[in-house]
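Before any pocket or strand is discussed, it helps to have the coordinates open. Please load the model shown here and keep it in view during the exchange.

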Amino acid sequence: MAYFGPDLLRDLEDKIVSKQEELENWFAEKRATLPMPIYGSVDIRDAHWKVAVVDANQYPAGFNNLSDGDIGRHLRESIGDIRHVHIWPESHTRNPAYSANIDALQEILEAEGYAVTTGILDVESDSPISVQGAIPDLVLLNNDLSDGPLPDLGVPVMPPPQMGWYQRRKSNHFRAAQPFIDAAAELLDIDPWLLSANWFVSEEKCLEKETCRTLLAAEVDDFLSKIQSKYDQYGIEGKPTLFVKNDAGTYGLGILEITSGEELLHLSNRKMNKLTYGKGGVDAIDFLIQEGVPSALIWDGMVVEPVAYCANGRVGGWFYRANAKKGEIANLNTPSSIFLSPNAIQDDSISRRRNHWHMLVAEISMLAMAEEAKMTR
């Protein structure tokens with residue numbers, strides 16, 4: 001399937017350039033009223049006719065893929081003038097890529113002058129954690145807490161443990177993001193649909209109940225019809241696609257691509273098992289049904305999507321996820337994906353898009369993440 005449509009983002013480039021100062025002032029005003037996340041990352045899809053964050057990670061695990069940028073400076077602005085930072089990682093540190101991520105994060109922090117230790121520590125009741133007899137000033141959480149909440153460590157913890165996947169929902173992020181998207185779109189005088197992927201949630205294991213699945217299939221078809229009307233409005237060729245995801249975080253698992261409600265009625269056992277399996281073997285209960293945004297960014301014959309790494313609410317570094325085995329609408333986050341630095345992609349149009357539209361939606365997503373954190377306290 002191929003998607004064709006006008007390059008609306010290119011046609012609207014003058015709008016975002018002319019409104020740059022207003023946007024910066026708007027962001028500064030919003031950041032001043034919110035507890036900005038110490039760090040986070042977002043996956044972005046650019047179809048030429050729309051740009052959208054399709055996933056937002058509070059505990060990013062790809063610092064080893066960054067090759068340049070200001071992530072260290074932004075981290076220091078968030079952490080402040082302390083001495084000892086302890087990184088609390090995931091338990092599966094035998095994964096070489098994840099270990100490289102922790103090593104890279106440690107190096108970034110040490111370059112900013114912090115004393116950095118890493119590891120999961122024993123927690124004693126009524127006593128602060130310590131590392132070789134020293135109590136850290138801050139625990140930097142790099143564990144998404146899918147297995148459950150963190151015990152009281154007796155020292156400050158960032159990001160807030162309440163943002164762990166044991167209770168966070170993907171839909172909370174997109175719900176929190178929409179008012180910011182609407183406000184930015186109004187400032188730019190554009191349709192908010194051009195800056196977001198539409199979505200809704202199926203709750204309470206609906207996919208496992210035949211009567212509920214029938215109603216859900218009708219809801220999916222209605223949802224697809226609404227997206228099709230947007231395609232017609234903007235002259236976009238191609239059939240709308242939806243992604244069904246575990247609303248409690250997928251960790252790259254259990255993502256299903258559908259183009260009709262009927263497909264939900266005839267799910268094979270293999271697809272159902274794949275969809276309902278969560279990280280750590282925890283069954284999925286609620287599902288985020290999200291508009292698929294094709295990627296029109298191609299480099300060296302591969303579909304690519306930008307990934308922004310942020311700290312203190314600001315983008316501090318980029319890399320591109322690329323996948324030669326996947327098409328423009330597919331989920332690129334599979335074992336066949338590779339990671340490219342911005343310097344490896346010598347394309348001025350992609351650079352301009354990154355500095356304007358991609359930056360815009362990434363930093364809107366950080367406002368949304370801050371709003372989430374405020375609501376979960």
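What follows is a dialogue between a student and a tutor about this predicted model.

Student: Which element gives the largest share of the lining of the second largest pocket?
Tutor: The second largest pocket has a volume of about 410 Å³, and of its 23 lining residues the closest to the centre are Arg 314, Val 315, Asn 355, Met 359 and Glu 363. Two or more lining residues come from each of α3 (20-31), α4 (71-79), β13 (314-323) and α10 (348-376). The largest share, six residues, is given by α10.

Student: How many charged residues does the lining of the largest cavity have?
Tutor: The largest cavity has a volume of about 130 Å³, and the closest to its centre among 13 lining residues are Val 53, Phe 174, Ala 177, Ile 181 and Leu 195. Helix α6 (170-188) gives the most to this lining, with five residues. By class the lining of the largest cavity has nine nonpolar and four polar residues, and the number of charged residues is none.

Student: How many charged residues are in the lining of the second largest pocket?
Tutor: Sorted by class, the lining of the second largest pocket contains eight nonpolar and seven polar residues, and the number of charged residues is eight.  The pocket to which this lining belongs has a volume of about 410 Å³, and the charged count in its lining is eight.

Student: Within what arc do the buried residues of α4 fall, seen down the axis of the helix?
Tutor: The buried residues in α4 are Ile 71, Gly 72, His 74, Leu 75, Ser 78 and Ile 79. In general, an α-helix has 3.6 residues a turn, so residues three or four places apart point the same way. Seen down the axis of α4, its buried residues line one face of the helix, because they fall within an arc of 165 degrees.

Student: Is Arg 352 buried, partly exposed or exposed?
Tutor: Arg 352 lies in helix α10, and its C-alpha is 9.4 Å from that of Arg 10, although the two are 342 residues apart in sequence. Its relative accessible area is 47%, and the class in between the limits of 20% and 50% is called partly exposed. With that value, Arg 352 is partly exposed.

Student: In β10, what is the bridge partner of Leu 242?
Tutor: The open sheet of four strands has the order β7-β10-β8-β9 with antiparallel pairing, and its edge strands are β7 (199-202) and β9 (256-258). Strand β8 (residues 242-246) is joined by five bridges to strand β10 (residues 287-291), and these two run antiparallel. In β10, the bridge partner of Leu 242 is Glu 291.

Student: Asp 300 has a positive phi; is Asp 300 buried or exposed?
Tutor: Phi of Asp 300 is near 55 degrees, a positive value in a residue other than glycine, and Asp 300 is found in the loop between β11 (298-299) and β12 (302-311). Its relative accessible area is 67%, and the cut-off for the upper class is over 50%. Asp 300 is therefore exposed.

Student: Is Leu 145 buried or exposed?
Tutor: Leu 145, which is not a glycine, has a positive phi of about 55 degrees, and Leu 145 lies in the loop between β5 (138-142) and β6. Its relative accessibility is 4%, while the limit for the lower class is under 20%. By that limit, Leu 145 counts as buried.

Technical notes:
Residues numbered from 1 in each chain as written. Predicted model: local features only at pLDDT ≥ 70, side-chain atom pairs only at ≥ 80, totals over all residues. Heavy atoms only, no water. 1 Å grid on protein atoms, 1.4 Å probe; cavity = no way out; pocket = protein on both sides within 12 Å on 5 of 7 lines; lining within 4 Å. Points joined across faces, edges and corners; volume = space filled by probe spheres on them. Nonpolar A, V, L, I, M, F, W, Y, C, P; charged D, E, K, R; others polar. Buried < 20%, exposed > 50% of the residue type's maximum accessible area, 1.4 Å probe, protein only. Arc of directions from axis to C-beta. Pairing = 2+ DSSP bridges.
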